[in-house]
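Let's work through a few exercises together. Have a look at the model first, then try each task before you read its solution.

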Amino acid sequence: MSDYLLVLSGPNLSTLGTRNPDVYGTTTLDELVAATTLAAGRHGLGVRHVQSNHEGALIDAIERREAGCAGVLANLGAFTHTSVALHDALETLECPVVEVHLSNPAAREPFRHVSVIAPVVDGSIAGFGPLSYELAVEAIVRLLSEAPRTTA
Ligand code: DQA
C-alpha cells in the first residue's frame with residue numbers, strides 16, 4: 001500500500017455503538033473506521049486500523065508501523081490518561097500524530113482531564129463525535145502539506 005494513516009483504538013472502543021450512547025453516540029467502530037477511510041482516501045491515503053484492549057498490543061502496532069505510515073490518529077481511550085508506555089512509544093514517531101476523542105474529556109470527570117500523551121502529539125481534537133476523526137485526517141493532511149514529507 002502507498003502512504004497510509006495508522007488509526008489506533010484503545011480499550012473499550014470496540015463496543016462503540018452500544019457503550020454509553022449518551023456520551024459516545026451510536027456510531028460503531030467499524031462505521032467510524034469506514035468514514036475515516038473515506039476521508040483519508042480523498043487525500044490519496046489508506047487507513048490501517050488497530051484496536052486493542054491491551055496496552056502492549058498498541059505499543060506493538062506503533063513499533064510495527066511500516067515505512068508508508070504518513071500519520072497516526074490515536075484514540076487510546078482510557079490509556080490516554082494513564083499510559084507512560086504509550087507516551088514513550090508515540091514519542092518515537094517522526095510523522096504527525098493527532099490525539100482524537102469522540103467525547104470532550106476536559107468536560108468530564110477530573111481523571112480524564114490529564115492526557116499523558118499530550119506532550120508527544122502534534123495536537124488534539126476532541127468532543128465532536130465521529131467528526132473528530134475527519135477533522136484529525138484534515139489536520140494530518142495539512143501538517144503533511146506544510147512540512148517536508150516525513151513518514152514514521
Ligand atoms: C475517549 C475518552 C476517554 O476518556 C475514554 O476513556 C474513552 C473514550 C473518547 O473517545 O471520548 O474510552 O477516548
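**Exercise 1: Polar contacts of the ligand**

Task: find the polar contacts of the ligand with Leu 102, Ala 78 and Arg 19 (pairs of N or O atoms within 3.5 Å).

Solution. Start with Leu 102: one of its backbone N or O atoms lies 2.8 Å from an oxygen atom of the ligand. Next, a polar backbone atom of Ala 78 is 3.2 Å from a ligand oxygen. Then turn to Arg 19, where a polar side-chain atom lies 3.1 Å from an oxygen atom of the ligand. This is a predicted model, in which local features need pLDDT of at least 70 and side-chain atom pairs pLDDT 80 or more, while totals for chains, interfaces and linings use all residues. Residues are numbered from 1 along each chain as its sequence is written, and side-chain values use heavy atoms, without hydrogens and water.

**Exercise 2: The shell**

Task: which residues surround the ligand, with a heavy atom within 4 Å of it?

Solution. List them: Arg 19, Tyr 24, Asn 75, Gly 77, Ala 78, His 81, His 101, Leu 102, Ser 103, Arg 108 and Arg 112. Now sort the shell by class: three residues are nonpolar, five polar and three charged. In this scheme Tyr counts as nonpolar and Gly as polar.

Notes:
Near = heavy atom within 4 Å. Polar contact = N/O pair within 3.5 Å; in protein donor to acceptor, adjacent residues only side chain to side chain.
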